[in-house]
Amino acid sequence: MVPDEFFSRRGQAFFRWRGAVQGGLWATVGILALTGAVWRLNGVLSWFPLFGVDGPALPMLGVLSFAGGVTGAGRRGLACVLAALGLLALSPLVFCLLAGTALALLTRSGGRGLCLPFAVLPACVPADSVLSVPLLALSILQTGHAASEQKGPVAVVPAFVGIFLLGRLLAETGTVPFVQQALMLACGGWVVWRGCMQALRAEQPWRVVSGLTGAWYGGAGMVLVLALACALDGADAFGATLRLDVGAPVIGLIGLLWLSASMQEHEAEGAGREWSRWALWGTMLPVSAIPPLGGFAVLWSLLVASDYSVQGASPAMALGMVLFVGFQIMTAVLCAAGLLRAGALMRGKSWLNGGLPACLCANVACLLSVVPGLWLAAADTLIVGDSAPGLSVWGAFTVRPAAGESALVPVLLLLALAVAAGLAALVARFLGGSLVYAPARLGAAWREGAPVYSSAADATAQGGTEVSLPFAQAGAMVCGFEGGLTVWRPPGLPALPVRFAVLLRYGRRWLFRGVAWSEGHGMVLLVLLLGAGLLLGLFFGP
């Protein structure tokens with residue numbers, strides 16, 4: 001007979017490793033999906049003809065694997081599995097069954113939650129039916145409400161179901177009348193506005209981030225309508241915008257959703273504090289519109305696509321496009337304010353497992369922000385339209401919307417920001433300030449409330465330096481963000497001419513040395529420049 005302790009130990013080991021096993025399975029699914037998307041796999045499974053791979057299924061499955069990997073087990077994990085199977089379903093009836101069951105698992109209390117599974121009804125209606133577009137508009141409202149009400153990474157499941165269904169049906173329908181276009185755009189705009197207001201008003205961190213998810217879904221739905229249902233010259237550029245929008249920003253948003261649902265009250269200590277900070281700020285940066293990360297690339301591509309659409313459009317369509325761009329810019333500002341609120345509510349907290357799932361999402365999102373061409377090549381089948389240009393070494397670092405000459409290189413923007421930061425640090429150092437925050441020196445208890453004084457002799461004896469007010473803290477004090485009466489004072493006017501004279505002397509000396517070296521090695525420089533020009537012509541020439 002086997003003792004009961006044997007089964008109890010095995011059961012405890014299974015539950016201890018269950019999360020790692022589930023994460024490994026979802027990681028395998030994501031890698032296989034992205035590999036199939038890169039190789040353009042398409043077809044039906046011969047041994048199970050209900051499922052297959054075609055169109056946007058593989059790119060969306062690759063992103064959904066992040067949500068499934070960090071969600072875990074239970075009802076939410078089962079909803080992610082059913083949604084993934086629904087993306088692979090070839091029959092509309094099978095898609096409705098799987099996706100509707102996934103949405104039913106996510107329903108909350110209230111009549112609107114009970115109606116959520118009916119959001120997949122447009123898949124059962126013919127694309128040329130009169131009811132197709134009104135049902136699609138109703139589906140946008142229902143799935144947008146569901147995305148704003150979920151807690152944790154599972155909030156992206158209704159959004160992905162809505163985007164998949166909307167893209168499939170609009171690809172079959174094609175261009176629709178102006179009234180139907182306006183109806184779907186109005187529904188998407190309402191979802192955006194509701195999500196932004198929730199992000200600005202909610203008091204709980206998970207509700208703030210869920211509101212941002214709803215706003216993202218509404219904006220993506222509006223871009224999808226412009227890409228497939230409107231006869232615009234910039235339709236392909238809008239398609240590239242949607243591909244970027246489903247990449248790095250969504251992965252960062254999934255990490256932020258996990259952080260908002262796994263937050264603990266006590267603060268992390270030691271090395272865990274650094275990981276917790278990176279988990280928070282690393283997931284917020286790709287979502288934000290700070291150049292050159294994912295959100296900025298999406299906003300740039302949206303402006304380029306709008307410019308292409310205005311060029312050959314009628315005056316009424318051009319005016320509508322201008323209003324759409326203004327609405328999207330307003331949405332970006334509101335989402336930035338909501339993102340700051342989420343960061344302020346979660347600042348100084350700790351998370352389960354040290355925030356490692358969010359760190360993984362942050363690393364992948366930042367990588368895709370730096371090399372967006374890789375994701376554009378993998379997500380080429382996400383939306384119907386012109387194929388992306390062939391992937392090259394330089395193309396992996398470039399964002400180039402289809403049918404246009406505009407291009408964005410995030411790496412060059414990073415270099416420009418690094419050079420600007422270096423110059424600012426040099427100027428601050430030259431003027432006697434500091435851009436790095438230095439904590440104030442702590443004094444004895446009996447000196448609390450008295451002015452702190454430290455002579456140069458005491459500082460030298462203790463092996464330290466005299467405490468100076470950092471430049472950033474001084475600017476904050478001047479603007480009234482931090483208390484304090486001490487302000488940073490620049491060097492006196494008599495000292496500035498001396499420093500500029502010394503700097504000019506050093507610069508002139510190094511200039512003369514460089515000119516002398518160039519005169520003595522002229523032929524070497526000529527050969528090096530010819531070789532560099534030849535290499536640039538071979539790799540980057542037309």
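In the predicted model, a nonpolar patch on the surface is formed by Leu138, Leu141, Trp190, Trp193 and Met330, which together present about 470 Å² of accessible area. Helices α6 and α8, the latter spanning 178-201, each contribute at least two residues to this nonpolar patch. Leu141 is located in helix α6, and with a relative accessibility of 31% Leu141 is classed as partly exposed, because the class runs from 20% to 50%.

Helix α6 itself comprises the 18 residues 132-149, and the distance from its first C-alpha to its last is 26 Å, close to the 26 Å expected at 1.5 Å a residue. Although α6 supplies residues to the surface patch, the helix is mostly covered, with 14 of its 18 residues buried.

The number of salt bridges in the model is four, and Glu149 of helix α6 takes part in a salt bridge with Arg194, in which the N to O distance is 3.2 Å. Since Glu149 belongs to helix α6 and Arg194 to helix α8, this pair ties together parts of the chain that are 45 residues apart in sequence. The two partners fall into separate accessibility classes: Glu149, at 12% relative accessibility, counts as buried, whereas Arg194, at 23%, counts as partly exposed. A salt bridge also joins the side chains of Glu149 and Arg207, with an N to O distance of 3.7 Å. Here distant parts of the chain are again linked, as Arg207 lies in helix α9 (residues 205-228) and Glu149 in helix α6, 58 residues apart. Arg207 has a relative accessible area of 24% and is therefore partly exposed. Glu149 of helix α6 thus forms salt bridges with Arg194 and with Arg207.

Elsewhere in the chain, Asp380 forms a salt bridge with Arg243, their closest N and O atoms being 3.9 Å apart. Asp380 is placed in the loop between α16 (372-378) and α17 (410-430), while Arg243 is in helix α10 (residues 235-245), so that the pair ties together parts 137 residues apart in sequence. Asp380 is buried, with a relative accessible area of 8%, and Arg243 is likewise buried, with a relative accessible area of 5%. Through salt bridges that share partners, Arg40, Arg243 and Asp380 are joined into one network.

Helix α10 also holds Thr241, which at 2% relative accessibility counts as buried. When neighbours within four places in sequence are left aside, the contacts of Thr241 are with Val223, Val298, Ser301, Leu302 and Ala305. With residues up to four places away in sequence again not counted, Phe238 touches Val223, Leu226, Ala227, Leu232, Leu302, Ala305, Ser306, Ser309, Met321 and Phe324. Val223, Leu302 and Ala305 accordingly appear among the contacts of both Thr241 and Phe238.

The largest nonpolar core contains 121 residues, and among these Met184 and Phe238 touch the most other members. Helix α9 gives the most to this core, with 14 residues. Arg207, one of the salt-bridge partners of Glu149, is also located in helix α9.

Helix α11, made up of the 14 residues 248-261, reaches 20 Å from its first C-alpha to its last, close to the 20 Å expected at 1.5 Å a residue. This helix is mostly covered, 13 of its 14 residues being buried.

Taken over the whole protein, 21 helices and four strands are present, and buried residues make up 42% of the 542 residues. Of the contacts in the protein with a separation of 6 or more, 75% are accounted for by residues 24 or more positions apart. The accessible surface of the protein comes to about 29000 Å², and carbon and sulfur atoms account for 69% of this area.

Notes: Residues numbered from 1 in each chain as written. Predicted model: local features only at pLDDT ≥ 70, side-chain atom pairs only at ≥ 80, totals over all residues. Heavy atoms only, no water. Expected span 1.5 Å × (residues − 1). Buried < 20%, exposed > 50% of the residue type's maximum accessible area, 1.4 Å probe, protein only. Patch = residues over 30% accessible without salt bridge, like charges linked within 9 Å, V, L, I, M, F, W, Y side chains within 5 Å. Areas by Shrake-Rupley, 256 points an atom, 1.4 Å probe, with all protein chains shown as cover. Core = buried A, V, L, I, M, F, W, Y, C linked by side-chain atoms within 4.5 Å. Contact = heavy atoms within 4.5 Å.
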